[in-house]
Amino acid sequence: MEKHWRNYFRLGINHHLLFPASFESADVHEATLPRVLSMPEFEVVDLFILEGGEREKRLTEMILSGGKEVVYNCPLMTGPGLNPHSPDRETVRRTKELLRVHLDRAKAVKAKFAVIASGVDPGADQREEHTERFVDYVAEACAYAAEGQPLQLVIEPFDRGIGKNLLIGPSAEALRVVEEVRKRGHSNIGILLDMGHVPIMEESFEQAVSTLGPHIRHVHLGNCVKKNPADPLYGDMHPPWGYPGGENDVEETAEFLKCLFAAGFLGEGRRPTVTFEMRPYAGLTEEESVRIFLEKLDKAWEIVWRDEA
């Protein structure tokens, strides 16, 4: 090994995937966040703040004093009465209002990026008009994010048929949205690419990374299950690397990293942010699972350098 992977990127951990119960419980969310913020292995943390009021104040102070770079993961706007590209104006208004709450929280914790996504795919016959409305939504969000403390937004592409079933969607269509928003004068827009989404987007790593390469700002390392609908983690459920029936492990991670080098996301003089976004291994603690994530990353990195030699 010529150089450690830490010379090439700043590693992060996703709080709410390492502790999945934090999605549903504000108490669990608050109780487990200090464990992630105190993990010395990570320079970055992907997170969100689940609720407002006094709890939000406590969490904001906790995050600011945690010493880690923050990537704020806005929740998906797919719940009842929410859709960023709905033809119903009231639905879009509610969605924009909730997004602004989370963008304000992202700014309060001095996040570098805020992750956003499209809503549910309406079907082929309505995709064009929904995409146009999504461009409007993202452009307005970029303008809001640029006010005061500037914030970069990153769109996360998802699957269209297994799991989340979102409008965006294929890499080429994510690229189109970013380019259209940039044409409107907003430079604070890019892409978050999740390696665990790529197989269920029905794309190869090379296809996704080469399509989106110049616009990738942040990366998630992860896994998915796409072949067995009966599996409890079927679809976009973020199983750990090497999960039985999963798509990604050490070899796939090495391949993904090679693609990131080829696209220029990784390279000399650059240390972008790269985050583990996986559930813990069954029967192991979160800390034990993190150790395995790191061991597998080390093995993948060895393959990258071995094949470059």
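Helices α6 and α7 are roughly parallel to each other in this predicted model, because the angle between their axes is about 10° and angles under 35 degrees count as roughly parallel. Helix α6 covers residues 171–183 and helix α7 covers residues 205–212, and the two axes lie 9 Å apart. On the α6 side, S171, A172, A174 and L175 make the meeting, and on the α7 side their partners are A208, T211 and L212.

A174 is a good residue to click on here, as it belongs to helix α6. Is A174 buried or exposed? With a relative accessible area of 0%, A174 is buried. Setting aside residues up to four places away in sequence, A174 touches P157, I168, I191 and L212. For a sense of scale, the C-alpha atoms of A174 and E251 are 26 Å apart, with their positions 77 residues apart in sequence.

A second helix pair is α2 and α3, so here are the two pairs together, both roughly parallel.

| Helix pair | Angle between axes | Distance between axes |
|---|---|---|
| α6 and α7 | about 10° | 9 Å |
| α2 and α3 | about 10° | 11 Å |

Let us stay with α2 for a moment. This helix runs over residues 26–37, which gives 12 residues. From first C-alpha to last, α2 reaches 17 Å, close to the 16 Å expected at 1.5 Å a residue. At the N-terminal end, S25 acts as a cap: one of its side-chain oxygens lies 3.3 Å from the backbone nitrogen of D27.

Which residues of α2 are buried? They are A26, H29, E30, T32, L33, V36 and L37. Their cover includes β1 (10–14), α1 (15–18), β2 (44–47) and α3 (53–64). Where α2 meets α3, the residues from α2 are A26, D27, H29, E30, L33, P34 and L37, and those from α3 are R55, R58, L59, M62 and I63.

Now for the nonpolar interior. The largest nonpolar core has 81 residues, and F9, V138, L153, I155 and F276 are those with the most contacts inside it. Helix α9, residues 286–308, gives the most to this core, with nine residues. There is also a second, separate core of six residues, including V44, V115, V154 and L192.

Back in the largest core, L153 is worth a closer look. Beyond residues up to four places away in sequence, L153 touches L103, A114, I116, A141, C142, A145, N188, I189 and G190.

Two more residues round off the tour. T131 sits in helix α5, residues 127–145. T131 counts as buried because its relative accessibility is 3%, and the cut-off for buried is under 20%. Apart from neighbours within four places in sequence, T131 is in contact with L167, R176 and V177.

G242, by contrast, is in a loop, the one between β7 (216–221) and α8 (250–263). How does its accessibility class come out, and why? At 36% relative accessibility, G242 counts as partly exposed, since this class lies between the under 20% of buried and the over 50% of exposed. G242 touches N223, N248 and D249, again leaving out residues up to four places away in sequence. One of these partners, N223, is 19 residues from G242 along the chain, and their C-alpha atoms are separated by 8.1 Å.

Technical notes
Residues numbered from 1 in each chain as written. Predicted model: local features only at pLDDT ≥ 70, side-chain atom pairs only at ≥ 80, totals over all residues. Heavy atoms only, no water. Helix = DSSP H or I, 4+ residues; strand = E, 2+ residues; numbered from the N terminus. Expected span 1.5 Å × (residues − 1). Buried < 20%, exposed > 50% of the residue type's maximum accessible area, 1.4 Å probe, protein only. Contact = heavy atoms within 4.5 Å. Polar contact = N/O pair within 3.5 Å; in protein donor to acceptor, adjacent residues only side chain to side chain. Core = buried A, V, L, I, M, F, W, Y, C linked by side-chain atoms within 4.5 Å. Axes fitted to C-alpha atoms, helices over the stretch in contact; angles between N-to-C directions. Parallel < 35°, antiparallel > 145°, perpendicular 65-115°, else oblique.
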